[in-house]
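Subject: Structure handover

Hi there,

Here is the structure I promised to pass on. Please open it alongside this email, so you can follow along as you read.

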Amino acid sequence: MTRNFVHPVPDQQGANLYDTDPELGRLLALYLPPALHAHLQPHLQRLGALAGGVLDALAQTADKHPPTLEHRTRSGLDLQRVVKHPAYVELERVAFGEYGLAAMSHRGGVLGWPEPLPAAAKYALTYLFVQAEFGLCCPLSMTDSLSRTLRKFGSPTLVDRYLPGLTTQAVDDLTQGAMFMTEQGAGSDVAATATRATPHGDAFLLWGDKWFCSNPDAGLAMVLARTDGAPAGMRGVSLFLLPRTLPDGTPNAYRIVRLKDKLGTRSMASGEIRLEGARAFLVGEAGRGFQQMADMVNNSRLSNGVRAAGLMRRAFGEALFVACERRAFGRRLVDMPLMRRQLLKLLLPTEQARCMVFQTAEALRRADAGEAGAHALVRILTPLIKFRACRDARRVTGDAMEVRGGCGYIEDWADPRLVRDAHLGSIWEGTSNIVALDVLRAVRREGSLPALQQHVQGLLAASPLHPQARRVFESALDRAARRAAVAAEAGPAGDALARQVASSLYHLTTAAGMAWEAGGMHSARRMALAQLVLRQRVLPQDPLGGDDAEPAWLPALLEPDRDAADPAAVHLL
């Protein structure tokens, strides 16, 4: 006889991660044209179901069975290959093939839409996919970013030869992308690049070692190298396209020395590359390699922010489910004031990151359309999300794991994998210090601060803010902008303020963006979250002050279905 009972360890395995996050669909209605929003609904629904079920199980398996490197075939041929677990290969089939996540920005026809899909659509789908699998999103991003850089700077011959393979959904014909930039002696200091490039007919031969190369067996990689006789420093660095296999079908002259044993992203291979006269093709103008590679790096940095946002959403969703389903001391965890406060501390950065994803995606769409000032806006929004969201993800995933308790520490559950993967974002494509300094660089060289001020002011003007809250928002924006300008004008002496400047601008931008979203969604709950971002992450606080009792507004913030009607009536500042 089967007994029916509620198991004391809540498990939402198999849940549809789109259905359990109803606010995502409401947000997408603000950022996508109505026809496209309607067209994508069944695809989002299906991907949400896959991410909460099949893909999550595949990701768990791939994480436990990392790729290996084979140096020779069984008959002794010196042909290296990275051997991937079948679970990872199936994840590739869904992401590259079925959903075309790396192709949809570059051609029409993906998911039945006749035109290339806008960034907001791509990042919404990626946001769902990454909640199941993080590691593969690096090859996805690099393939997408390499295609963008190749189209922008590559010769027509290179574009015609290689772009079709980068953007196909036929996985057997797919060419994945990579970026080989890091060297032991250079790191973030690209001007110290030592890899050499020697002219050879219509191409160059590359010599040197690259220290950290993810997706090392990719069919194409963008590589930075210094041409013979080029000047020292950044001006001597050029950008090259490196094929794994040469046009005549022979392997190119570089080797994967070894694969890295990493803390996270274990499903995806990262390795060390030795270039031994590898044939490569110049991309764009010689001596402007870093400026051209920066386009690929910035696109990858934005993808890092998207992935951090997705990790936070998955971690928060797991924590909220446990808190609602788990009972202790005769009550649900979510009914306990301290748990509600802990969940709020997870919710705020999670929603900030999601807002910044779509704000940046919209700015990128406008920049690609040639709108005045949009490039300068993208140029500062990208390092802002990379800096802050990736750091927040480390804390949110760790604190969410605590909600599950001892089970959260066990590798049978997703929590440890989320924590390990979250630590990548603050390192890859520039550490936190490097990216914070890039915010100041955008202010100094790109005219990005006025563009950001104008953008945030526009968001506030279109938001149904309580008059007193509006005054606080505008005052905080003015102070943060003045602080950023002072730091930028101080030159190297102002660099010490870079992290403070980046954090304050991120918090203000996301708070204003969420206030604007609150108006479009007619959501008092989202307006409350917007104001709490300002109150808790920007304005001064007395650590010994505050309410003695739980604020009356707190329980409703954890239940989107209890949303009030008038966002203009909300005043928490």
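Below is what I found, going from the strands to the helices.

One thing to keep in mind throughout is that this is a predicted model.

**Strand β9 and its partners**

I would begin with β9, which covers residues 270–283. Of its 14 residues, 10 are buried, so β9 is largely enclosed by the rest of the structure. Several strands pair with β9. With β5 the pairing is antiparallel and runs over nine bridges, and there phenylalanine 204 stands opposite alanine 280. β7 is also antiparallel to β9, joined by three bridges; in this case phenylalanine 240 has leucine 282 as its bridge partner. Strand β8 (residues 254–259) adds five bridges to β9, again in the antiparallel sense, with leucine 259 opposite glycine 271.

**Aromatic pairs**

How many aromatic pairs are there? The count comes to five. Phenylalanine 204 and phenylalanine 240 form an edge-to-face pair, with 5.1 Å from centre to centre and 65 degrees between the planes. Because phenylalanine 204 lies in β5 (residues 203–214) and phenylalanine 240 in β7 (residues 237–243), the pair ties together parts that are 36 residues apart in sequence. Both rings belong to buried residues: the relative accessible area is 16% for phenylalanine 204 and 0% for phenylalanine 240. Elsewhere, Tyr31, Phe358 and Trp516 make up one aromatic cluster.

**Charges over rings**

You may like these two for a closer look. Lysine 260 has its charged end over the ring of tryptophan 211, 3.4 Å from the ring centre. Arginine 161 places its charged end over the ring of phenylalanine 281, and here the distance to the centre is 5.3 Å.

**Lysine 262**

Is lysine 262 buried or exposed? With a relative accessible area of 12%, lysine 262 falls under the 20% cut-off and therefore counts as buried. This residue is found in the loop between β8 and β9. Setting aside neighbours within four places in sequence, lysine 262 is in contact with Phe212, Met268, Ala269 and Ser270. Should you want a long-range distance to check, lysine 262 and proline 540 are 39 Å apart in space, C-alpha to C-alpha, and 278 residues apart in sequence.

**Strands β3 and β6**

β3 (residues 177–180) and β6 (residues 220–227) run parallel and are joined by four bridges. Methionine 179 has methionine 222 of β6 as its bridge partner. Gly177 and Met179 point one way from β3, while Ala178 and Phe180 point the other way, and all are buried.

**Helices α8 and α3**

Helix α8 takes in residues 289–325, which is 37 residues. From its first C-alpha to its last, α8 reaches 54 Å, close to the expected 54 Å. There is a bend of about 30 degrees in α8 at aspartate 295. Most of α8 is covered, with 32 of its 37 residues buried.

α8 also appears in the surroundings of α3 (residues 54–64). The buried residues of α3 are covered by elements including α2, α4, α5, α8 and α11. Leu55, Asp56, Leu58, Ala59, Gln60, Ala62 and Asp63 are buried in α3. An α-helix has 3.6 residues a turn, so residues three or four places apart point the same way.

Happy to talk any of this through whenever suits you.

Best wishes

Notes: Residues numbered from 1 in each chain as written. Predicted model: local features only at pLDDT ≥ 70, side-chain atom pairs only at ≥ 80, totals over all residues. Heavy atoms only, no water. Helix = DSSP H or I, 4+ residues; strand = E, 2+ residues; numbered from the N terminus. Expected span 1.5 Å × (residues − 1). Bend = angle between axes of the 7 residues up to and from the residue. Buried < 20%, exposed > 50% of the residue type's maximum accessible area, 1.4 Å probe, protein only. Pairing = 2+ DSSP bridges. Phe/Tyr/Trp six-rings, centres within 6.5 Å; stacked < 30°, edge-to-face > 60°. Lys NZ or Arg CZ within 6 Å of the ring centre and 35° of its normal. Contact = heavy atoms within 4.5 Å.
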